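Colleague: Could you walk me through this one? I'd like to go over the contact between the chains, then the helices and the sheet.

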Number of protein chains: 2
Amino acid sequence: MNIRLYNARILTMEKDRPVFRGEIWIKNEKIAYIADEDELKREWDGDFPKISWDCEMDCRDNLLMPGFKDAHTHSAMTFLRSYADDVPLQKWLNEKVFPMEAKLTGEDIYHLTRLAVLEYLTSGITAIFEMYLTPDTIAQACLDMGMRCVLTSGLNNFSSSIEQVEEEYCRWNKKNSLISYQLGFHAEYTTSKEILYKLAQLSHKYRAPVYTHMSETEQEVDECMGRWGMTPAVFLDSMGLFEFGGGGFHCVHLTESDMEVFRRRRLHVITNPASNMKLASGVAPVAEFLRKRIPVAIGTDGPASNNCLDMFREMFLVTGLSKLKENDAASMDAMNVLNMATVQGAKAMRLSKADVLAKGKLADIIMIDLHQPNMQPIHNIPKNIVYSGSKSNVAMTMIGGKILYHRGEYNIGESPEKIYAKCDEIVRRLTG
Amino acid sequence: MNIRLYNARILTMEKDRPVFRGEIWIKNEKIAYIADEDELKREWDGDFPKISWDCEMDCRDNLLMPGFKDAHTHSAMTFLRSYADDVPLQKWLNEKVFPMEAKLTGEDIYHLTRLAVLEYLTSGITAIFEMYLTPDTIAQACLDMGMRCVLTSGLNNFSSSIEQVEEEYCRWNKKNSLISYQLGFHAEYTTSKEILYKLAQLSHKYRAPVYTHMSETEQEVDECMGRWGMTPAVFLDSMGLFEFGGGGFHCVHLTESDMEVFRRRRLHVITNPASNMKLASGVAPVAEFLRKRIPVAIGTDGPASNNCLDMFREMFLVTGLSKLKENDAASMDAMNVLNMATVQGAKAMRLSKADVLAKGKLADIIMIDLHQPNMQPIHNIPKNIVYSGSKSNVAMTMIGGKILYHRGEYNIGESPEKIYAKCDEIVRRLTG
């Protein structure tokens with residue numbers, strides 16, 4: 001497949017490279033060529049090489065940029081959206097989430113994940129960092145729809161096992177370019193020291209990073225202190241889990257010592273501002289992380305706690321909450337936030353080919369419609385995206401060179417209505 | 001014009017009335033008939049009266065509800081969007097806003113307001129409470145496009161005058177059902193005691209409410225204390241400004257005494273959470289207002305400080321910031337927020353015919369597309385709207401019985417591209 005995207009504005013997200021006008025050529029799953037107007041003129045002078053294009057899209061001066069990376073989610077939790085809101089985290093987990101989850105099958109998770117993938121596409125999300133019960137059916141849903149997915153295990157005392165994690169790790173890291181797998185566990189408060197010890201051994205065996213929920217609530221930190229006399233990051237690091245990097249999801253309540261672990265181990269913080277607001281967990285000190293040179297990526301968390309899968313909302317919250325927390329309207333400018341939502345997301349997820357738009361990189365590209373009133377006038381495109389952008393501006397979502405979503409229409413081998421109907425059937429069984 | 005909206009789910013926003021299936025008939029600018037499936041069957045049994053419909057719309061089980069009321073905005077500030085972000089309020093006003101505003105003409109404001117109206121329509125906003133420099137050209141822009149607008153004066157030491165305010169008040173309150181006018185002034189810190197005294201007299205003469213920016217920043221409150229030994233609400237009330245009600249825009253930093261003024265005078269708080277975040281002004285104690293039975297409406301503020309005009313973002317922030325501030329995930333449930341964004345907005349703006357969907361009320365109606373992944377599954381529609389809704393769910397916006405926006409297409413007598421081009425020309429002149 002050869003695709004040409006022309007008459008575009010382009011934001012590659014390479015460091016210090018501003019928006020330019022030009023075009024992108026895609027061959028199969030990768031970017032084969034990217035050039036600004038001057039280069040195009042200099043190299044070809046209107047006399048392009050003879051390529052038989054499968055698709056040529058006039059971008060009408062709209063913006064091409066790397067797709068967003070949703071660096072923490074539990075996609076299949078779509079079944080709980082608007083079912084159990086307005087309750088605190090621990091109560092929500094114990095009374096609402098766990099009893100319902102006990103009834104879920106792998107096939108349910110397949111269908112519920114597909115519903116989430118539809119939504120990712122509408123928000124320009126081209127890769128997800130996914131932690132949920134049945135990695136195999138999640139991967140199958142993503143493969144069937146063309147979604148890029150990094151799986152991480154939600155290993156804990158009640159589900160999965162070290163053996164299963166190792167088997168999945170080996171299998172999914174060689175199978176398919178859309179799917180990869182990173183070591184992970186649910187959280188310190190759900191996982192025994194014995195399992196953690198074995199996971200650390202696995203990390204050492206494969207020289208692999210480890211990811212987990214961390215310091216989401218004050219209660220979690222207090223209880224970890226009670227158990228081990230250490231905060232979660234310090235305790236987990238003492239177990240040898242972070243010698244090959246990794247990251248923490250949430251990180252709302254990190255101490256100075258925790259941050260020192262993050263800095264020293266080059267761990268990523270994956271911040272989830274909407275979920276942390278909605279569950280009243282707090283506001284992560286994102287500006288402080290950046291001052292300490294701790295890399296930050298952004299996740300939506302699952303649709304039961306957010307409740308939407310919308311990177312535009314998360315981006316505005318990252319900057320807005322930082323301005324409030326720092327009491328400084330200059331805190332956390334738009335380019336910093338865009339960098340978290342794209343480049344840092346890719347780094348956190350170890351997707352080194354999906355970070356920026358450049359020759360040889362994966363063609364995970366979105367088009368932002370600038371011909372809408374919330375994007376006018378065009379003083380500053382990154383600020384427009386972060387401060388006034390919305391999913392309604394996502395005109396096209398391409399993953400691995402395939403256009404999966406274009407102006408409200410999906411190209412995912414299934415009608416959305418059928419996916420809604422299937423999920424509705426599952427929800428009725430679970431709540432019935 | 002006779003319009004029939006059928007096969008709909010309907011949320012009238014009448015107290016304690018849940019979503020039902022039914023239809024709405026519109027005659028000219030008003031709702032002529034609204035009924036659920038049982039009533040329809042009982043009254044007509046399939047044999048409808050002979051009405052010659054100008055439009056019959058199959059709503060395909062999507063939701064009809066009252067349009068959102070944006071109860072505080074400065075529409076024409078579109079020209080400053082993404083031009084001057086990441087600076088604190090006073091610096092932003094003095095160094096960025098005021099010098100640019102000095103160059104604005106009434107005709108500029110006409111065109112810049114039209115750009116904002118396009119955006120309101122995409123977000124299901126059917127009425128705006130507007131404070132900006134040239135009320136006449138703002139009103140003309142709204143009349144030309146079919147937008148409902150309540151003007152309020154931004155009277156201060158530098159612009160407008162008591163005489164002008166009185167003339168505008170009398171003229172715009174009899175002229176047209178789309179436009180009305182309420183007394184107002186910019187803020188305590190920009191308006192002399194002499195002007196305030198005269199405005200209070202005007203309020204008494206017409207038995208009219210008064211609206212103003214109030215307690216947006218701590219600095220503003222401190223300076224008012226320094227000048228008058230009183231906080232803004234207490235001082236302004238002592239001047240006799242609130243004897244016929246009215247309201248305050250922002251109200252981030254109200255004291256107990258201020259809240260007592262609001263309660264006693266039945267003033268509306270109009271909260272602007274995104275603007276207050278972005279300018280690091282703080283978080284208004286909205287849950288505390290409700291506990292004290294102070295009515296709350298929601299505004300976007302202008303596009304220079306927000307930067308978008310999107311009621312979905314504001315609604316999520318009202319509930320999310322309240323959960324954070326109260327440290328309680330149960331704080332501020334979705335129906336409370338929807339009530340602020342519709343019924344309370346109408347009350348604050350004195351639009352008594354635009355609050356709920358009922359026979360005889362104005363046909364200011366929006367259709368929310370539930371056939372999108374962020375609205376699935378349908379456990380609870382109000383929660384879906386507030387927690388996972390976005391402007392991409394707005395399928396139709398009707399004001400006074402006219403469909404002005406339908407699935408991405410505008411019916412406002414002008415092409416959006418022409419409005420963008422005109423605004424671009426203005427922006428280039430202003431920044432050139």
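Colleague: How many residues does the contact take from chain A and from chain B?

Modeller: The contact takes 49 residues from chain A and 49 residues from chain B, where two residues are in contact if their C-beta atoms, placed from the backbone, lie within 7 Å. This is a predicted model, in which local features need pLDDT of at least 70 and side-chain atom pairs count only at pLDDT 80 or more, while totals for chains, interfaces and linings use all residues. Residues are numbered from 1 along each chain as its sequence is written, and chains are lettered from A and ligands numbered from 1 in the order in which they are written.

Colleague: Which helices of chain A supply at least two residues each?

Modeller: Those are α3 (106–122), α10 (273–278), α12 (311–326), α14 (381–388) and α15 (416–431). Helices (H or I, at least four residues) and strands (E, at least two) are DSSP runs, numbered from the N terminus.

Colleague: And how do the residues on that side of chain A divide?

Modeller: Into 23 nonpolar, 13 polar and 13 charged. Ala, Val, Leu, Ile, Met, Phe, Trp, Tyr, Cys and Pro count as nonpolar, Asp, Glu, Lys and Arg as charged, and the others, Gly among them, as polar.

Colleague: Now symmetry. What turn lays chain A on chain B?

Modeller: A turn of 180°, with a shift of 0.0 Å along the axis and an RMSD of 0.0 Å (superposed by least squares on the C-alpha atoms of residues with pLDDT of at least 70 in both copies). The two copies are thus related as by a two-fold rotation axis. In chain A, the C-alpha nearest the axis belongs to A:Ser392, 2.4 Å from it.

Colleague: Back to the helices: at what angle do α3(A) and α15(A) cross?

Modeller: Their axes come within 9 Å and cross at roughly 135°; axes are lines fitted to C-alpha atoms, for helices over the stretch in contact, and angles run from 0 to 180 degrees between N-to-C directions. Residues making this contact include A:Leu112 and A:Leu115 of α3(A), and A:Ile419 and A:Ile426 of α15(A).

Colleague: What about the sheet, which order do its strands have?

Modeller: It is an open sheet of eight strands in chain A, ordered β6-β7-β8-β9-β10-β11-β12-β13, with parallel pairing (two strands pair if DSSP finds at least two bridges between them). At the edges stand β6 (68–73) and β13 (296–298) of chain A, each with a single partner strand, so one side of each lacks a neighbour in the sheet. The twist averages 25° from one strand to the next.
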